[in-house]
Amino acid sequence: MPVALILEFGGVGYSILFIFHISLGTSIVVINVSVLLALLIRRFFLKENRFLFMLSTCVSDLGTGISWYYSGLFDALDAFPPRNGTYYVAPTFMGLSYLVTLAAQADRYHAVVSPFRYALRMTRAKTGIVIFCLWIYAYAVVATQNLVTSAVGMKISGIGSLICNLITYIIMVGLNIKLYLIAKYQLEREPHSAERENKRSSLYLIIVVASCFLAFWLPIFLNVIACSFSRRFCLRFRADGLDPLKILPRLNAVVTPALYIRGCAPLRKIMMTRVWKCCHRISSRINPDPGDQIANSVECWQQNL
């Protein structure tokens, strides 16, 4: 049976929501592809561990944006019991961004508190292994949920979500507070240098990114806790595209790369001078501006005279 669009539910509100989901998915894809291209154009970015975490979150956020064209626009539900879902692949992209951001917080904390040990222990290879293990763990859970029965999968999801979400959320809050205190007080005592400013900017960037994660994920975490204890206070919606609790974390896939661009001057410079400028040149060749053509013709005519 073909899967229905949310437009078919009828009403002006569904049409507005449909347009919003298309805009959201497109925004997620465009901004994350831009950051990915900027990171891959200049390979020196990937020599620092924090940019490896940034690369991973952009890849998972890109998966979130692409999958939202289906999950947000169609009558699909990735829950227990699922209906026309993505076998829990789409929501796992969001969870990966959350886990990688938590790992990036721990990485920055270790780098500032113990810089010498950090330089010896956390090489690029080890950072890549950490990120790879997070991806394997996330999709191993997805494979387990798809292989077992719905009743067993519901228990795994309920217990795992309750425990993991609570623990990781508390850890993220604690690390955010510690990083803020380090950026505000500890770095102030160090002599002014380019290294200190680099540390401060990287700390403030991960603090703001993690704060956005905490804000956007809090409603859905509270709903998961409520569903684990009582069905009466559990909010359930017909489709993922109609669920505001699932739309909020997907907004994070736009906010996070935007914060990367805003908070990292070298990345912003590469995007402005290489990525977006190159895209502008390609688009101008495909669809030339009539005004530019007239101006070029006048200039050539003046040169001939």
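# Helix α2, its partners and the spaces around them

A search of the whole structure, which is a predicted model, finds 2 cavities of 30 Å³ or more. Both can be approached by way of helix α2, which spans residues 49-71. The account below takes the helices that pack against α2 in turn, and then the empty spaces.

Two packed helices are described by the angle between their axes and the distance between the axes. The partner to consider at the outset is α3, residues 89-113. The axes of α2 and α3 come within 8 Å and cross at roughly 165°. Angles over 145 degrees count as roughly antiparallel, and α2 and α3 are therefore roughly antiparallel to each other. The crossing of α2 past α3 is left-handed. On the α2 side, the contact is made by N49, R50, F53, S56, T57, S60, D61, G63, T64, S67 and S71. On the α3 side, the residues are A90, F93, M94, L96, S97, V100, T101, A103, A104, D107 and R108. By class, this contact has 8 nonpolar, 10 polar and 4 charged residues.

Helix α5, residues 124-147, also packs against α2, at an angle of about 25° and with the axes 9 Å apart. Angles under 35 degrees count as roughly parallel, and α2 and α5 are therefore roughly parallel to each other. Here α2 passes its partner α5 in a right-handed crossing. From α2 the contact takes N49, L52, F53, S56, V59 and S60, and from α5 it takes R124, T127, I131 and W135. The contact of α2 with α5 comprises 5 nonpolar, 4 polar and 1 charged residues. F53 of α2 belongs to the contact with α5 and also to the contact with α3.

A further partner is helix α8, residues 244-263, which packs with α2 at an angle of about 140°, the axes being 10 Å apart. That angle makes α2 oblique to α8. The crossing of α2 past α8 is left-handed. M54, T57, C58, D61, T64 and W68 of α2 meet I247, R250, A253, T256, P257 and Y260 of α8. Among the residues of this contact, 7 are nonpolar, 3 polar and 2 charged.

With these helices in place, the enclosed spaces can be located. Rolling a probe the size of a water molecule over the atoms shows where empty space is left. The largest cavity has a volume of about 150 Å³. Its lining is formed by R50, F53, M54, T57, V100, T101, A104, R108, S202, L205, I206 and Y260. The elements that give two or more residues to this lining are α2, α3 and α7, the last of which covers residues 194-229. In terms of class, the lining of the largest cavity has 7 nonpolar, 3 polar and 2 charged residues. Y260 appears in this lining and is also one of the α8 residues in the contact with α2.

The second largest cavity holds about 50 Å³ of space. Around it lie D61, T64, M94, S97, F213, W217, P249, N252, A253 and T256. Two or more lining residues come from each of α2, α3, α7 and α8. Which element gives the most to this lining? It is α8, with 4 residues. The lining of the second largest cavity divides into 5 nonpolar, 4 polar and 1 charged residues. D61 and T64, which help to line this cavity, also take part in the contact of α2 with α8.

There remains an open space to describe. The second largest pocket has a volume of about 280 Å³. It is lined by 15 residues, of which E48, R108, A111, Y118 and N198 lie nearest its centre. The helices α2, α3, α4 (residues 115-121) and α7 each supply at least two residues of the lining. The largest share, 4 residues, comes from α7. By class, the lining of this pocket has 6 nonpolar, 3 polar and 6 charged residues. R108 is listed for this pocket, for the largest cavity and for the contact of α2 with α3.

Key:
Residues are numbered from 1 along each chain as its sequence is written. This is a predicted model: local features need pLDDT of at least 70, side-chain atom pairs count only at pLDDT 80 or more; totals for chains, interfaces and linings use all residues. Side-chain values use heavy atoms; hydrogens and water are left out. Axes are lines fitted to C-alpha atoms, for helices over the stretch in contact, and angles run from 0 to 180 degrees between N-to-C directions. Angles under 35 degrees count as roughly parallel, over 145 as roughly antiparallel, 65 to 115 as roughly perpendicular and the rest as oblique. A crossing is left-handed if the near helix is turned anticlockwise from the far one by less than a right angle, and right-handed if clockwise. Contact means heavy atoms within 4.5 Å. Ala, Val, Leu, Ile, Met, Phe, Trp, Tyr, Cys and Pro count as nonpolar, Asp, Glu, Lys and Arg as charged, and the others, Gly among them, as polar. On a 1 Å grid over the protein atoms alone, a cavity is a set of points where a 1.4 Å probe fits but cannot get out, and a pocket is an open set with protein on both sides within 12 Å along at least five of seven lines; lining residues have an atom within 4 Å of a point. Grid points are joined across faces, edges and corners, and a volume is the space filled by probe spheres set on the points.
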